[in-house]
Amino acid sequence: MTIREALKQAADRIDRHSLSNARLNAETLLAHTLSADRTYLYTHDDRELSGNELQRFEETIYERISGTPIQYIVGRQEFFGRDFLVNPSVLIPRPESELIVEAVLDLKPPEGTRIIDVGTGSGCIGISIALEMPGTWVTIADISLEAVRTATFNAMRLGAQVNAICMDLLDATKGPFDIVVSNPPYVRNEESAWLQREVRDHEPEVALYGGDDGLAAFRRLIPAAENQLRPGGYFIAEIGFGMEAAVLELFGSRWEKLPTMRDLQGIPRTVRARLRP
Ligand SMILES: C[S@@+](CC[C@H](N)C(=O)[O-])C[C@H]1O[C@@H](n2cnc3c(N)ncnc32)[C@H](O)[C@@H]1O
């Protein structure tokens, strides 16, 4: 069977399982199977696939139609222009989380700025910050040891100089930090029923759920950040749909609340606050 025929067959199969972007999925999986890029598939579409290649391609299609997110099958996801390795112990980076990196860039942090990314997962936010602003001192932290391992590996691959710690929120650090950033788990427990199956069944629970109202991590993280930020330091965090008012309520009088950044769909997504100097 040629590449062209295999792609057509796979895309039809994926489509029959009502998964979106069937053709793109098929191309991504075949390119992954052949350790090639998608352009290769077009320039070699008459090439015959070996039995072994077909077998491995078939295995990836089976995983996909069983509901595994494509990023976990191919083991990577792009974030802020770089490729991050992912596995089922870390959340798949989402494009809206790039806003946190942009918010830090907007602050134009001078050399020596101390930044911590709490709940780093794959490391996408903290590592992007370290690479975009090389003079800063970035710490990446997560409660999941597997996530810290994955993030550390991503930092090494991408050449980012970061400190990595496994801890509960900010519990094992004293600071002071200039900037605390976080994309904490914020899905309300009861929302689990409405989550996409791919998310609910495959992404780590510890990365998703924020208690009954989704605010559990924020309730602890904001006071912890207040203790560990220097006066004038910033707190920047991602929030879920409809959470802005409730999250902003959690900041006490020592904070100056700044305008929330909206994502591409216009949803308030990234809260920002400054500890008064
Ligand atoms: C929504 S994911 C974000 C991952 C990554 N920062 C991103 O944006 O793709 C939340 C992360 O917080 C971590 N986490 C959950 N509870 C935590 C806690 N109490 N302390 C530290 N990290 C925690 C999870 O392991 C997960 O990696």
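Start at phenylalanine 80, in the loop between strand 1 (76-79) and strand 2 (82-85). The model is predicted. Check the backbone here: phi of phenylalanine 80 is positive, about 50 degrees, although the residue is not a glycine. Is phenylalanine 80 buried or exposed? Its relative accessible area is 18%, under the 20% cut-off, so phenylalanine 80 counts as buried.

**Next, select serine 18.** Serine 18 sits in the loop between helix 1 (3-16) and helix 2 (22-33). Its phi is near 60 degrees, again a positive value in a residue other than glycine. Now look at its surroundings. Serine 18 has 67% relative accessibility, so it counts as exposed.

**Step back to helix 1.** Serine 18 follows this helix. Helix 1 has 14 residues. From first C-alpha to last it reaches 20 Å, close to the 20 Å expected at 1.5 Å a residue. Color Ile3, Ala6, Leu7, Ala10, Ala11 and Ile14: these residues of helix 1 are buried. Why do they fall on the same side of helix 1? They cover an arc of only 125 degrees around the axis, which puts them there. The spacing fits a general rule. An α-helix has 3.6 residues a turn, so residues three or four places apart point the same way. Then show what covers the buried residues of helix 1: the cover includes helix 2, helix 3 (38-43) and helix 4 (51-65).

**Now show the sheet.** It is an open sheet of seven strands with mixed pairing. Trace the order 5-4-3-6-7-9-8. Strand 5 and strand 8 (255-262) stand at the edges. Each has a single partner strand, so one side of each is left without a neighbour in the sheet. From one strand to the next, the twist averages 15 degrees.

**Zoom in on strands 3 and 4.** Strand 4 covers residues 137-142, and it pairs with strand 3 in the parallel sense over five bridges. Pick arginine 114; tryptophan 137 in strand 4 stands opposite.

**Add the helices on the sheet.** Select helix 7, residues 124-132. It lies across strand 3, strand 4, strand 5 and strand 6. Its direction runs at about 170 degrees to strand 4. Then select helix 11, which also packs on the sheet. Helix 11 touches strand 3, strand 6, strand 7, strand 8 and strand 9. With strand 7, its direction makes about 155 degrees.

**Go into the largest nonpolar core.** It holds 27 residues. Which of them touch the most other members? They are Phe218, Phe235, Val247 and Trp255. Several elements each supply at least two residues: strand 3 (114-118), strand 6, helix 11 (216-228), strand 7 (229-238), helix 12 (244-249) and strand 9 (268-275). Helix 11 gives the largest share of this core, five residues. A second, separate core has 25 residues, including Phe84, Leu99, Ala130 and Met261.

**Center on valine 247.** Leave out residues up to four places away in sequence. Valine 247 then touches Leu215, Phe218, Ile222, Ile239 and Val271. Phe218 is itself among the core residues that touch the most other members.

**Last stop: proline 176.** Find the loop between strand 5 (162-166) and strand 6 (177-182); proline 176 lies in it. Is the peptide bond from glycine 175 to proline 176 cis or trans? The bond is cis, with omega near -5 degrees.

Conventions
Residues are numbered from 1 along each chain as its sequence is written. This is a predicted model: local features need pLDDT of at least 70, side-chain atom pairs count only at pLDDT 80 or more; totals for chains, interfaces and linings use all residues. Side-chain values use heavy atoms; hydrogens and water are left out. Helices (H or I, at least four residues) and strands (E, at least two) are DSSP runs, numbered from the N terminus. Buried means under 20% relative accessible area, exposed over 50%, partly exposed in between (1.4 Å probe, protein chains only). A nonpolar core is a set of buried Ala, Val, Leu, Ile, Met, Phe, Trp, Tyr and Cys residues joined through side-chain atoms within 4.5 Å. Contact means heavy atoms within 4.5 Å. Two strands pair if DSSP finds at least two bridges between them. Axes are lines fitted to C-alpha atoms, for helices over the stretch in contact, and angles run from 0 to 180 degrees between N-to-C directions. The expected span of a helix is 1.5 Å times one less than its number of residues. The arc is that of the directions from the helix axis to the C-beta atoms.
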